[in-house]
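Subject: Structure for you to look at

Hello,

Here is the structure we talked about passing on. Please open it next to this email and follow along.

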Amino acid sequence: MPDRNAPAPDDPIRPARFIGSEIYRGSSYGGAHPLRIPRVSTVMDLARALGWLPSERYLTSPRAKPAALTVWHTQDYVAALQRAEAAQAVPDEVRLRHKLGTLSNPVYPEVFRRPATAAGGTIMAAALLRDGGRIYNPGGGTHHGMPDRANGFCYLNDPVLGILNLRHAGVRRIAYVDIDAHHCDGVVAAFGDDPEVLIVSTHEERRWPFTGRIDERGAGNVWNLPLPRGTHDGDMARARDEMILPRVADHRPEAIILQCGADAIEEDPLSRLSMSNNAHRAVLQGLMPLAPRLLVLGGGGYNPWSVGRLWTGIWATLAGEEIPDRLPPEAEAVLRRLSFDHLRLGRNPPEAWFTTLADPPREGAPGAGIRERLTLLKNRARAEV
Ligand SMILES: [Zn+2]
């Protein structure tokens, strides 16, 4: 049932708000790391070029203080992260224990400040959402971070900190929905045994971190739909209508967090799923009426055009803006300024990556096993009533 208190997308009293920061501009994990590309700065530039980010909707993300991070992360780890940034290097024992200075989790110039800013944004959003509303923090969504170590490009786990801070604001029943191509192992580590936190995840099967099997249930609050290679919009629409939305509605959440990783779409170089960016907006649209508080986060996404276009489209849906068929010249210029040294994807980007925000839909025959998996999950839901 739609929540009558859910704010409309264009609610004049509680307009959707965007949390951003200039720290993301020009920041890179370095070398050949997938996160050498710009992402949040593209979204800010595109949204401004489209006139969708007036100053009253934009909030500058504060940087979380260590004390705000140690509500879940260990003091030793947070201190090690700060020292890594100051020294731009880590001793071997820190690399071994905290997984800092590895290929996945390199020491880069803003290695503490950038994740602490993303976390600060999510923590601020949780406090602002006490009285309801919709907030977007595209720099957040670092769902692999662990209490004592970095994991999968994630140094801090802002979704976990967001849930803890919603709790602090008196919000008990929370639904966390994660449509990143990778499973949210860090969030499950924190809340897999907490019946008040629903965790619904779709992710590519047989892909790192290799958790999130369909039979993992946590305390009955965990629902996983592993997706086969080639999963497209039609499959995701089934997953949305038969799993994501019914599970969230049954939970009757006071708040929803959507992790909107952009790596499940066709042109992402790290995964083998085949959605268009319409799939993500359709999930968001379905979730919007289901709770009076909604926090949308970013996540993965390793093709600079895909990420910028998808996450700007998410803001359009959240803020009640209409996506034009063709971008105005100022917005097109933002996308034309991007470059990507990935051999196949960067050499000849299709014209539509410069001139449009919404992809053409990608439909097809149902992916192998999707129907059977959804039936299995539906039967489990029925048995638990
Ligand atoms: Zn991912």
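Below is what was found in it, starting with the sheet and moving on to the helices.

Please keep in mind that this is a predicted model. An unreviewed UniProt entry lists residues 33-318 as "domain: Histone deacetylase". In the model that span is 40% helix and 13% strand, and its end C-alpha atoms are 31 Å apart.

The sheet

Eight strands make up an open sheet with parallel pairing, and their order across it is 2-1-3-8-7-4-5-6. Strand 2 (58-60) and strand 6 (222-227) are the edge strands, so called because each pairs on one side only. From one strand to the next, the twist averages 15°. For one pair to look at, take strand 3 (residues 133-137) and strand 8 (residues 293-297), which are joined in the parallel sense by five bridges. Within this pair, isoleucine 135 is opposite leucine 295 of strand 8.

Helices on the sheet

Helix 8 (residues 233-251) packs on the sheet and touches strand 4 (174-178), strand 5 (197-204), strand 6 and strand 7 (255-259). The direction of helix 8 makes about 170° with that of strand 5. Helix 9 (residues 277-287) lies across strand 4, strand 7 and strand 8, and runs at about 175° to strand 7.

Helix against helix

A packed pair of helices is described by the angle and the distance between the two axes. Helix 10 appears in both of the pairs below.

The axes of helix 9 and helix 10 come within 9 Å and cross at roughly 30°. Angles under 35 degrees count as roughly parallel, and therefore helix 9 is roughly parallel to helix 10. The crossing is right-handed. Helix 9 contributes Asn277, His280, Arg281, Leu284 and Gln285 to the contact, while helix 10 contributes Arg309, Leu310, Gly313, Ile314, Thr317 and Leu318. By type, the residues of this contact of helix 9 with helix 10 are four nonpolar, five polar and two charged.

Helix 1 (residues 40-49) and helix 10 (residues 304-319) have axes that come within 9 Å and cross at roughly 50°. Because of that angle, helix 1 is oblique to helix 10. Helix 1 also passes helix 10 in a right-handed crossing. Here Thr42, Val43, Leu46 and Ala47 of helix 1 meet Pro304, Gly308, Trp311, Thr312 and Trp315 of helix 10. The contact of helix 1 with helix 10 has six nonpolar residues, three polar and no charged.

Regards

Definitions and conventions. Residues numbered from 1 in each chain as written. Predicted model: local features only at pLDDT ≥ 70, side-chain atom pairs only at ≥ 80, totals over all residues. Axes fitted to C-alpha atoms, helices over the stretch in contact; angles between N-to-C directions. Helix = DSSP H or I, 4+ residues; strand = E, 2+ residues; numbered from the N terminus. Parallel < 35°, antiparallel > 145°, perpendicular 65-115°, else oblique. Left-handed = near helix turned anticlockwise from the far one by under 90°. Contact = placed C-beta atoms within 7 Å. Nonpolar A, V, L, I, M, F, W, Y, C, P; charged D, E, K, R; others polar. UniProt positions renumbered as here; feature names shortened; annotations may be inferred. Pairing = 2+ DSSP bridges.
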